[in-house]
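Here's a short set of exercises to work through with the model open in your viewer. Try each task before you read its solution.

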Amino acid sequence: MYMSIPSAKELYEQVEKMNSFGVRLTGTKAQRDFIDYLKKEIHELGLETYSDPYRFMRWEEKNSSLKINNDDGSETEIPVSSAFPYSGRTPAEGITAELSLVKEKHIGYLAAKDKIAVVEVDELDFLPSELAFDERGTSVPEGIKLPSHYNGPVATAFVNFPFLAMARIAGAKAVVCIWKGMNSDCIQGQYLPFILDYCHMPAIWLNAENGKKVIEAAQNKQTATFTLEGEIENYAKTETFCVILEGEDNGESVIINTHTDGTNCIEENGPLAVLAMIKELKDKPLKRTHIFVFVTGHFRLPSFKDSEGGGVQATSKWLAAHKSLWDGKDGHYKAVAGLSLEHFGCKMWKENEDGQYTEIGDVETEIVYTGNKTMNDIYMKSLEGRTKVHTLTLRGHNFLHFGEGQPLFNVGIPEIALVTAPDCLCVISDNHEMDKFDPELMRQQIQSFLKMDEMLEELSAEEIGAVDGYSTLTTNKMTDDGAKAIRRIRAKVKDIIR
């Protein structure tokens with residue numbers, strides 16, 4: 001049916017090619033090389049690319065370590081799970097100071113002046129999923145539900161992070177952050193969180209097992225040498241680019257977006273899926289103009305978001321700069337739909353009953369936002385014929401909508417956005433997490449997106465309709481768990497203010 005979709009073998013080879021550039025964090029040479037590769041592939045199709053170049057302050061870890069100084073003059077080296085992105089830097093020789101255990105992640109830092117603060121970060125387990133997600137009630141197989149509570153490394157780091165700003169105000173020299181209650185293999189190499197401005201406070205992550213040794217040393221008032229060498233490039237280069245396939249002259253457009261920066265083969269393989277769509281659609285007659293946007297800045301959101309383009313995610317910066325392609329005003333194109341492609345081919349890896357982090361399912365639950373009922377129906381119909389599928393659909397809820405589809409939703413473009421969120425999503429590893437990638441699943445997901453586009457082409461703008469807008473959940477409609485979580489959040493805020 002779709003002649004240009006790569007085979008599973010070809011997709012695997014393309015992902016390996018992407019990996020060969022290195023870890024593609026925002027503004028790195030690896031990301032720029034990947035972008036150049038994508039543009040070259042597109043230019044060889046006879047198509048033009050249109051770039052928005054950017055410069056920003058880039059931070060990158062070069063070396064990190066932690067050594068506890070023992071009373072007999074020896075050192076105990078503590079393995080580091082990962083550096084805290086955009087936290088800070090130390091001199092090459094590191095910082096030597098007394099370890100200070102912080103029992104509260106805000107006022108507790110006051111006792112850490114001129115010391116190395118040690119803080120445990122509990123796995124997020126108190127936020128019911130109902131606060132962040134509104135399930136539309138459609139799934140394949142039927143009856144799939146999200147876990148009752150919002151958890152995992154990404155959620156924990158985004159919501160329950162260790163308040164480095166407080167450490168800086170209190171005069172701490174560095175912060176050792178300890179993942180509490182989370183599998184050591186799962187959190188190894190996690191590049192989290194990536195949503196904060198530069199913190200001016202060097203910090204690292206340890207797993208719980210190694211963290212116990214540091215906590216004991218802090219309780220004994222031992223000193224340690226903390227090292228986090230990093231590179232800062234004040235005017236790092238990166239770019240967003242787009243490709244335009246002209247449709248009939250009706251003034252309507254479809255936005256298809258993804259991001260080119262990330263940590264591993266799962267996080268930013270969306271560009272390869274978009275590239276496959278371009279190859280399939282480039283010679284077909286299109287009713288609407290199709291605009292394919294390859295966004296940068298997904299892993300440097302403080303520098304790449306714009307309230308005029310829907311804010312929060314990096315696509316907002318492109319939307320703010322190119323209103324003529326979507327807002328429908330003053331002769332501009334009117335975007336009647338959007339497709340957001342991220343995180344293809346995810347296997348399900350979790351901690352099993354024996355405490356091992358391993359594959360427990362051949363398909364991770366596909367989390368898909370759909371902008372209204374029509375878009376939801378289109379998505380569900382696109383799944384017909386798939387042999388690998390484990391999916392449910394969501395509506396933007398309580399002003400939360402994860403992934404690069406959110407800016408489209410926020411500016412009123414009804415979207416279908418794939419944002420599968422496995423625990424490995426933000427891991428940097430030597431194998432780029434290829435053991436958690438299924439190319440045949442990716443092939444089938446690409447085919448689904450081509451079906452979605454084909455169905456959209458058959459509908460008028462009126463039939464597609466407008467976005468639903470965010471649903472909300474007030475405390476009087478919540479479960480007991482939800483109401484308790486709200487009260488707990490309010491109590492945390494009051495503690496911080498005090």
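The exercises below go from helix packing to strands and then to unusual backbone spots.

Before you start: this is a predicted model, so local features need pLDDT of at least 70 and side-chain atom pairs count only at pLDDT 80 or more, while totals for chains, interfaces and linings use all residues. Residues are numbered from 1 along each chain as its sequence is written, and side-chain values use heavy atoms, with hydrogens and water left out.

**Exercise 1. Work out how α7 sits against α11, and what kinds of residues make the contact.**

Step 1: find the helices. α7 covers residues 270–281 and α11 covers residues 439–457. Helices here are DSSP runs (H or I, at least four residues), strands are E runs of at least two, and both are numbered from the N terminus.

Step 2: get the geometry. The two axes come within 10 Å and cross at roughly 50°. That angle makes α7 oblique to α11. As for the terms, axes are lines fitted to C-alpha atoms, for helices over the stretch in contact, with angles running from 0 to 180 degrees between N-to-C directions. Under 35 degrees counts as roughly parallel, over 145 as roughly antiparallel, 65 to 115 as roughly perpendicular, and the rest as oblique.

Step 3: get the hand. α7 passes α11 in a right-handed crossing (near helix turned clockwise from the far one by less than a right angle; anticlockwise would be left-handed).

Step 4: list the contact (heavy atoms within 4.5 Å). Leu 272, Ala 273, Ala 276, Met 277, Glu 280 and Leu 281 in α7 meet Met 442, Ile 446, Phe 449, Leu 450 and Asp 453 in α11. The residues of this α7–α11 contact split into nine nonpolar, no polar and two charged. In that split, Ala, Val, Leu, Ile, Met, Phe, Trp, Tyr, Cys and Pro count as nonpolar, Asp, Glu, Lys and Arg as charged, and the others, Gly among them, as polar.

**Exercise 2. Do the same for α1 against α11.**

Step 1: α1 is residues 8–20, and its axis comes within 8 Å of the α11 axis, crossing at roughly 105°. α1 and α11 are therefore roughly perpendicular to each other.

Step 2: on the α1 side, Ala 8, Leu 11, Tyr 12 and Val 15 make the contact, and on the α11 side it's Pro 439, Glu 440, Met 442, Arg 443 and Ile 446. Sorted by type, the residues of the contact of α1 with α11 are seven nonpolar, no polar and two charged.

**Exercise 3. Which strands pair with β8, and in what sense?**

Step 1: β3 pairs with β8 in the antiparallel sense over two bridges (strands pair if DSSP finds at least two bridges between them). Here Ala 83 stands opposite Ile 204 in β8.

Step 2: β7 (residues 174–180) pairs with β8 in the parallel sense over four bridges. Cys 177 has Trp 205 in β8 as its bridge partner.

Step 3: check the faces. Ala 203 and Trp 205 on one side of β8, and Ile 204 and Leu 206 on the other, are all buried, so both faces are covered (buried means under 20% relative accessible area, exposed over 50%, partly exposed in between, with a 1.4 Å probe and protein chains only).

**Exercise 4. Describe the hairpin formed by β13 and β14.**

Step 1: β13 (residues 348–351) and β14 (residues 357–361) pair in the antiparallel sense over four bridges. Met 348 stands opposite Gly 361 in β14.

Step 2: look at the turn. Five residues lie between the two strands, and Gly 355 in the turn has a positive phi of about 80°.

**Exercise 5. Find the cis peptide bonds before Pro 141 and Pro 193.**

Most residues other than glycine have a negative phi, and most peptide bonds are trans.

Step 1: the bond from Val 140 to Pro 141 is cis, with omega near -5°. Pro 141 lies in the loop between β6 and α3 (153–159).

Step 2: Leu 192 and Pro 193 are joined by a cis peptide bond too, with omega about -15°. Pro 193 is in the loop between α5 (184–187) and β8 (203–206).

**Exercise 6. Tyr 86 and Asp 330 have positive phi: is each one buried or exposed?**

Step 1: Tyr 86 has phi near 55° and is found in the loop between β3 (82–83) and β4 (95–102). With a relative accessible area of 3%, Tyr 86 is buried.

Step 2: Asp 330 has phi near 50° and is placed in the loop between α8 (315–321) and β12 (334–342). Its relative accessible area is 76%, which makes Asp 330 exposed.
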